[in-house]
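Subject: Structure handover

Hello,

Please find the structure for your project below. My notes on what was found in it come after.

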Amino acid sequence: MDINQPKQEHLLALKVMRLTKPTLFTNIPVTCEERDLPGNLFHLLMKDDPSTVKGAEALMLGEMLTLPQNFGNIFLGETFSSYISVHNDSNQVVKDILVKADLQTSSQRLNLSASTAAVAELKPDCCIDDVIHHEVKEIGTHILVCAVSYTTQTGEKMYFRKFFKFQVLKPLDVKTKFYNAESDLSSVTDEVFLEAQIQNITTSPMFMEKVSLEPSIMYNVAELNTVDSARESESTFGSRTYLQPMDTRQYLYCLKPKQEFAEKAGVIKGVTVIGKLDIVWKTNLGERGRLQTSQLQRMAPGYGDVRLSLETIPDTVNLEEPFDITCKITNCSERTMDLVLEMCNTNSIHWCGVSGRQLGKLHPSSSLHLALTLLSSVQGLQSVSGLRLTDTFLKRTYEYDDIAQVCVVSSKVKQES
């Protein structure tokens, strides 16, 4: 074989174009005052310009659309669309034409061709057209590989391919924060508040169509991003939910464990899966993008081996008058405990009853309710403290201070109010 033999030209030509929405045409208005030397010349020129809006010639935004002049940016979550055309530039009939389009990412290779069947023949000046679509789910370098194979009239099999490289950018910066909160005293569940900070890091505004939280099987979710009015719920961000470039918006959600999980003290501990955010937006002329985060995880608060929580407590009590509270003691460990309750007085809080009484055995994930009586000798906002639980098996003592706060007032003040 002669190494100096010229390379044979192909009979088919391949063209690939990205399909994107057009943009509104913008112009730069040039104006001056009437007393200036040009007079009203600039105004007349803009008035005759077909790209300006009649009656508002000084506005930059026009009524005409501009076709894309370059490849543009592709963002994560958007749909990449491309037009592929194979044209027969020769005067011969070409047979068995097969067009294949693959998208190579950093982790996988995807076949985007709508059909894998070969076209029987392609006459001169005829073409094969195809449109491919792909929802971009990875950032970084992407390579569109278009391969064409065919057979000439002489039976020779020909093959060529082209590569189109582009970058997929990140459209949003999403940050999350978790806040653990004890729920109301009548409930046995613990609430988790999720704050999601979403920043638009593109160069164009976004219309935020939907930002929702899909909870895991362990939680129920309530969105706190609306205000209930007399007629309907209104978004806290107003009727126009646009997010300008580099602007940040905060969304808040409240999650509560489902009843079957909340009743089991040992289930929700350590690292738990909360759910994932589903974000949908639109840009330019309605181009839609969607982004789902990975599963959000949080570290559940640790309560140690024994958890003590209050079920009932009055808001306001009289000075030096006994009042009742109800406590709930839960065994969060994996062993059985034999508990003894001790009540230690403080400078302001005095417990009524016998200290050092046996509570009995408490099995893992089990709970018991305990009614206690106490009084306060000092007015003002006082902290309920001084409870001690001792496990006689391991000789380990658990201290509980600042369990709750109660407002102590004089009995005369309470009667007058």
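A salt bridge is a side-chain nitrogen of Lys or Arg within 4 Å of a carboxyl oxygen of Asp or Glu. A search of the whole structure by that rule finds 11 salt bridges. Please keep in mind that this is a predicted model.

**Overall make-up**

The chain has 417 residues, and 37% of them count as buried. Its secondary structure consists of three helices and 33 strands. Among contacts in the chain with a separation of 6 or more, 70% are between residues 24 or more positions apart.

**Salt bridges**

Some of the salt bridges can be described one by one. Lys170 pairs with Asp173, and their closest N and O atoms are 3.7 Å apart. Lys170 is partly exposed, at a relative accessible area of 41%. Asp173 also counts as partly exposed, with 22% relative accessibility; the cut-off for buried is under 20%.

Which side chain meets Lys282 in a salt bridge? The partner is Glu209, with an N to O distance of 3.3 Å. Glu209 belongs to strand E14 (residues 206-215) and Lys282 to strand E20 (residues 271-283), so this pair ties together parts that are 73 residues apart in sequence. Both side chains fall in the middle class of accessibility: Glu209 is partly exposed at 37%, and Lys282 is partly exposed at 32%.

Glu209 also forms a salt bridge with Arg288, where the closest N and O atoms are 3.9 Å apart. Arg288 lies in strand E21 (residues 287-292) and Glu209 in strand E14, so here the parts tied together are 79 residues apart in sequence. Arg288 counts as partly exposed, with 46% relative accessibility. Elsewhere, Asp305, Arg335, Asp391 and Arg396 are joined into one network by salt bridges that share partners.

**Strands and sheets**

Strands of a sheet pair through backbone hydrogen bonds, either parallel or antiparallel. One open sheet here has three strands in the order E1-E5-E9, and the pairing is antiparallel. Strand E1 (12-18) and strand E9 (127-135) are the edge strands, each pairing on one side only. On average, neighbouring strands of this sheet are turned by 15° against each other, direction ignored. E1 and strand E5 (residues 79-88) run antiparallel and are joined by seven bridges. Val16 stands opposite Ile84 of E5.

Another set of pairings is centred on strand E10. Strand E6 (residues 94-104) pairs with strand E10 (residues 140-151) in the antiparallel sense, over eight bridges. Ala101 has Cys146 in E10 as its bridge partner. E10 is also joined to strand E11 (residues 157-169), and these two run antiparallel with 12 bridges between them. Ala147 has Arg161 in E11 as its bridge partner. The hairpin of E10 and E11 has five residues between the strands, and Gly155 takes a positive phi near 90° there.

**Cysteines**

How many disulfides does the model have? A disulfide is a covalent bond between the sulfur atoms of two cysteines. With a cut-off of 2.5 Å between cysteine sulfur atoms, the count comes to zero disulfides. Cys146, the residue opposite Ala101, counts as buried because its relative accessibility is 1%, and buried means under 20%. Cys344 counts as partly exposed, at 31% relative accessibility.

**Asn200**

Asn200 is placed in strand E13 (residues 190-200). Is Asn200 buried or exposed? Asn200 is buried, with a relative accessible area of 0%. The side chain of Asn200 reaches the backbone oxygen of Leu243 at 3.0 Å. Leaving aside neighbours within four places in sequence, Asn200 is in contact with several residues, including Pro171, Leu172, Pro205 and Met206. Its contacts also include Leu243, Gln244, Pro245, Met246 and Asp247.

Regards

Terms used
Residues are numbered from 1 along each chain as its sequence is written. This is a predicted model: local features need pLDDT of at least 70, side-chain atom pairs count only at pLDDT 80 or more; totals for chains, interfaces and linings use all residues. Side-chain values use heavy atoms; hydrogens and water are left out. Buried means under 20% relative accessible area, exposed over 50%, partly exposed in between (1.4 Å probe, protein chains only). Two strands pair if DSSP finds at least two bridges between them. Helices (H or I, at least four residues) and strands (E, at least two) are DSSP runs, numbered from the N terminus. Axes are lines fitted to C-alpha atoms, for helices over the stretch in contact, and angles run from 0 to 180 degrees between N-to-C directions. A polar contact is a pair of N or O atoms within 3.5 Å; within protein, one must be able to donate a hydrogen and the other to accept it, and residues adjacent in sequence count only if both atoms are side-chain atoms. Contact means heavy atoms within 4.5 Å.
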